[in-house]
Amino acid sequence: MIVRRAVHYCALLAFLVLGTVPVRAAMPVDNLSEPVSIAGQWKFRTGDNEAWSDSVFDDSSWQETLVPGHAPQDYDGYSGLLWYRLTLQLDMSQPSVRDSAGALAVTIGSVMSAYEFYAGGIRLGSVGQLPPTPAARYDEQRTWFIPPAAVGDDGRLVLALRVWRSPAIGSQWETGPYFGEFLLGNLGDLRAKSMRDALFPNVVLAALYLILGLYHLLVARRNPVLKEFFWFGLFGIAVGIYTFETSQSKFFFDIPYLWHKKLEFLLLYASPVLFGKTLLSVTRTASNKLVDGLHAIFGLYFLFAVFASGAGLLLSLKSFQYLAAFWALVMAGLMAWEAYKGRRAARVIVVLLLILVAAVINDVILKTPLVASGNVLYLVFALMLFCVALMMAERYTEILKQLESRVAARTAELVDANRELAAAVETKGNFLANMSHEMRTPMNAILGLTRLGMKTELTEQQRDYFGKVEQSAEGLQDIIDSILDFSKLADGELECVSQSFEPTAVAEGLRRVWEDAAREAELELNVAVDSNIPQVLLGDAKRLKQVLSIFVSNALKFTENGKVGVELTLLPSAGHAARVRFAVSDTGAGIHEDQRKHLFEAFSQADNSMTRKHGGTGLGLSIAERLVELMGGQIEVESTVGAGSTFSFELELPVPKPSVEEEDVGLDLTPIRGARVLLVDDSELNLQVAGELLRQAKLRVDTALNGRQAVEKATSQPYDCILMDVQMPVMDGYTATEQIRAKSHLDQLPILAMTANAMQQDRERGTAAGMNDYIPKPIDPDELHRALLRWIEPGERDFDEQQLAAAHTAEAVTDALPDSLPGVNISAGLKRVANNAQLYLSLLNDLCNDYADAPERLQIMLDGGDTDGARQFAHKLRGIANNLGADETGTAAETIELEIKDGALPDAEAMQRLAESLAELGRSQQKLAPLMVSDESAAELDDEQRHALFIEVTKAIADSNPEALDLIDKLLGGLEEDTSGYTELAAARDALDMYDFAGAAGFLESAANKDLQKS
C-alpha cells in the first residue's frame, strides 16, 4: 500500500512538472511534396548531456545559431562536445505530410568533425566516432530515415545533433554543421537527390579532366619532345582524381577515410608543380630560382601529406593556400614578362593566373566572400584547365602543320629517289637479262663442244682434261643459275603457281636426276612417297623440285659415306587440303648449333672450311628458304654432329575437285546450243581438239590462226563468244582483244583467254586488255563447258543438226586403249577430246610426226638468234602435248619456254630431256597405231554422194572450219590415186594440215574442174 501510494505521488509530480513546460516555437512544415530546407536558426549549446536529445526537453534557454554556418557566435575554434536542436511541427492534416509520415528522412550536410544524430529522442546513428574513442570524419553528407515513432501524435518532431570537434583542428576551421544542404522530405526523393548531387557535376568534370589528361599523355608518348603535353597530361589526371575526391562520390568506395583524405591532399599539393611545368613548357620560358624554390616547398607539402594524420592535413591546408596564391602571383609576373617580350600564349596565362589569385582571395582569405557561392575557385580552375587545353591544341596544330610541310618535302625527295631507284632496278633487270643471255650462250657452247669432244677418239690425258673442263663448266653453270635466281627472288620477280601435279612424279623425277650422282659418290639414294598422299595435288611442282634438288645436292656434297633419303609423308590436316612433309636426310657430317643461325644467309655456308672443301656460292639454301616461304611453308633443320642432318618443310596443298566423270554429273548445254563461237589459235592441233569439243557441244565454230584474223572476223560477222589464245604470230591475243574492245558494238562480247600461261601477271594483263575469263590449257572439257554456260547468253538459235554433228562416225575404240603408256597419260588425253578415240589417236599421230625433230628445230632457231620464235614454238608444243596427256613432253617444253622467257638459253640437259620424252612418246604411239581405224565409208558412196561430200568439203573450207580436214580425209578414202583430181585433193589436204584454208580452196577449185572419176 505504501509503495503504491509512493508511485501515485511520483506520477502526480511528473504530470505537474511536464504540465508546466512552456510551449516553444517550432518550424512549421505543411507541404512535403518536395524536400523542405531545414537550414536556418537552430538551438545550440556547449557541453554534453544525453537527456538533451529527448523530444520533451526544454531548450528555450539555448542560444540560437545559423545552420549551416562557420561557427556559433563567440565559439570560433571551440573543441569538445556541443549540441544542436531543431523542433519541427508537421501539419498532419496535409496529404503530402501525412503520406510521407512512413517514409520521412532528413539530409544532414557536412559537420566538423564527427556527430551523432537523434530524432524524437531516438539515436539513429553517427558519422565518425565521438569520445571516449573519437575518430574524425569530415565532408560526408548523409540521409537519415526518420522512424514513425520519432514523430509525436501531434506532428511534433525534434532533431538533435551531438557534435564532437577535435582539438587538433585549430581555430581557423569550422565548428559544427558548416556546409551543404539540410533537408526534410521523402526518403526516396532525398536519396535520389543525394545521388544526383554526388555525380553531377563533380564526377562528370572528373571524367572530362581524366580524358583530357590521358589524351595529352598519349600525344606526349607519340611525340616525346613535346614536354608540355606530358606535364599537362599528368596535371589533367591529377585534377580529375582530385575533383572526384572532393565530391560525395568518394564515399561510394568503402575504404578507410584517411586514404581518401591523403589522396586528395597529395594531388592538391602536386598540382601547382605540374601546372607550373606545363606553363613553362607551353610558353618556352626558362624557370628561375624563385619558381624552383616554390616547387621544392610544394614537394615538402607533398611529403608531409604522405605521413600526416587527418587533422594534420587540415592544419597544412591554410598555409598551402596562401603559398599557392603567392606562387600564382610569381608565375603571373614571370608570364607578364614573357608577354611583354611578345609571347601571345603568355598573355593569356597572365590573365588566367590573376583570375586564379582573385578566386583564392575570395574563397580562402576573405571571411565574407565578395562572391558567396563557395565554388568560385573550382570554376576558375576548370576555366584555366580548358583554356590551357585550347592553347595546347593550337600548339599541336602548328606542330602538325610543320610536320606536314616536312613530310611533303620529304615525300618529294622520296619520289625523286624512287624514280632513280626504279631506273636502277630497270637497269639491273636489263643487265641481268643481257648477262643471262651472254653468259649462258658461251656456257652452252663450252658444255656442248666439250661433250662432243669427249665422244671423239682421245688419249687418256685429253679425256681427263675434257672431263675436268665439263665438271668445271657445270659448276660455273650452277653458280650462274643460282645468282640469277637469287636476284629474281630479291626483286620479287619469282612467283609460285598452283597447277595439278603428281607427288610420285616429282619424287621419281628427283630420283632420275640424282641417282647417277649418288652412284658416283658411292652413296645410297632412297626415295619414299607415303601411299596415303593423294595422287594429284595443286602446287608448283617445278619449285618443289628445285628446293628438293638443292637439299639433295647439299646432302650428296657433304656426305662421304652412307645414304641420302627423300621422304614425302602425309600429316594430319583439317579441311580439303593435304598437309605434306617433304624431308631430305643424310648421314653426313652434321651442323653445329652455332652454325645453323647463318645457314640460310646468302653467300654463306656452315663454315669457310666447307666452302673451300666442297665449293659453291652459298646461295642454294637461301634460295630454297625463300621459295618455301613463297609456297607457304618454313624450312626446319635437325642435325647431329657426326650423325647427319635432315632438312624438311610442310606445305598445305589443295586436293583438286573430282572430275565430271568421277562425280557422274553432266552439264546441260541445251541453253547455248547453236551459239556461234570464234576459236583463235595458231596451233592446228589445238584448233582440232578445241573445235571437236565445241562441235560435240552442238556449237557452230569458226576459226582464226592469229589475232589479226580474229579481229577481221569479229568485226565482220556476229559471234556469241570468242575463245582467244594469247601467244600467236602476226598479232597476239592481248592486242587482238584490245582492238575488238575498241569497237563500240563489241564492248560486251565475251572474250575468254584460252592459254597455258598461268602466271598471275598473265591473268592481270588479260583482264586489263578486256578478257572476261580464263580457261587454262590443257583444256578440261567440263571447265570449258562451264565457262561457255557462264558467258554465252542462253536462248533459242537456228542450227543445222547435220552441220553440227561430229565428223567422225566410226565406232570408238576406247575400251581397247590402255590408261597410260610411257610418256603419255591416255585417259587424260581422251577426256580432252570428249573420249573420241579415233580423233585422239589421229592427233597423237600428228604430234609425233610434226614434232619429232622439235629439239633440232629449236636449236636452229636459237643459233640463229630467233629466241622469240623458239619461245613460241616451245609454247605451242607445250600446249599440244599437255592437251594430249603427253605430260613429260609438255613439262620439258615448258622448261625450255620459261628459260627462254627469263632471258636464258636452254641448256643441253633441257634439250636432251625434250628429245628423250619425244622419243619415248613416239615409241608409245607406234604401239597405238594398229588401233587407228581407216574410215572407208566414202568408198561405198555413189557418184551423187561423192559430189555431195565434195560440196560439203568446199563449204567447210570456205567457213575455215577445221572439220574440212576430216571431210576431205573421208573423200580421199574413197578414191584411187589415179582418180582425176586426186592430186589436187591431196594438195588441199596438205594445205589443211597447215590450216592454210586459202591454199586449200585454190587446190579444191582445181579439183572441181576435173571430174572425180577414175582415169
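Q: Among contacts in the protein chain between residues at least 6 apart in sequence, what percentage joins residues at least 24 apart?
A: This is a predicted model, where local features need pLDDT of at least 70 and side-chain atom pairs count only at pLDDT 80 or more, while totals for chains, interfaces and linings use all residues. Residues are numbered from 1 along each chain as its sequence is written, and side-chain values use heavy atoms, leaving out hydrogens and water. With contact meaning heavy atoms within 4.5 Å, the share is 72%.

Q: How many helices does the protein chain have?
A: Helices (H or I, at least four residues) and strands (E, at least two) are DSSP runs, numbered from the N terminus. The chain has 27 strands, and its helices number 33.

Q: Which helix supplies the largest share of the largest nonpolar core?
A: Such a core is a set of buried (under 20% relative accessible area, 1.4 Å probe, protein chains only) Ala, Val, Leu, Ile, Met, Phe, Trp, Tyr and Cys residues joined through side-chain atoms within 4.5 Å. The largest one has 69 residues, with F232, Y269 and F275 among those making the most contacts inside it. Helices α4 to α10 each supply at least two of its residues. The largest share, 15 residues, comes from α8.

Q: Leaving aside neighbours within four places in sequence, which residues are in contact with F275?
A: F275 belongs to α6 (257-282) and is among the residues with the most contacts inside the largest core. Beyond those sequence neighbours, its contacts are F235, W327, L353, M384 and V388.

Q: How many residues make up the other core, which lies apart from the largest one?
A: Among its members are A507, L525, I533 and L548. The core's size is 40 residues.

Q: Which helix packs on the sheet by touching β15 and β17?
A: That open sheet runs β15-β17-β18-β20-β19 with mixed pairing, where two strands pair if DSSP finds at least two bridges between them. β15 and β17 are parallel over 6 bridges, and V529 stands opposite L568 in β17. Angles run from 0 to 180 degrees between N-to-C directions, with axes fitted to C-alpha atoms (for helices, over the stretch in contact). The helix, at about 180° to β15, is α12.

Q: Which strands are the edges of the open sheet with the order β22-β21-β23-β24-β25?
A: The pairing in this sheet is parallel, and the twist averages 25° from one strand to the next. Inside it, β21 and β23 share 4 bridges. The strands that pair on one side only are β22 and β25.

Definitions and conventions
Buried < 20%, exposed > 50% of the residue type's maximum accessible area, 1.4 Å probe, protein only.
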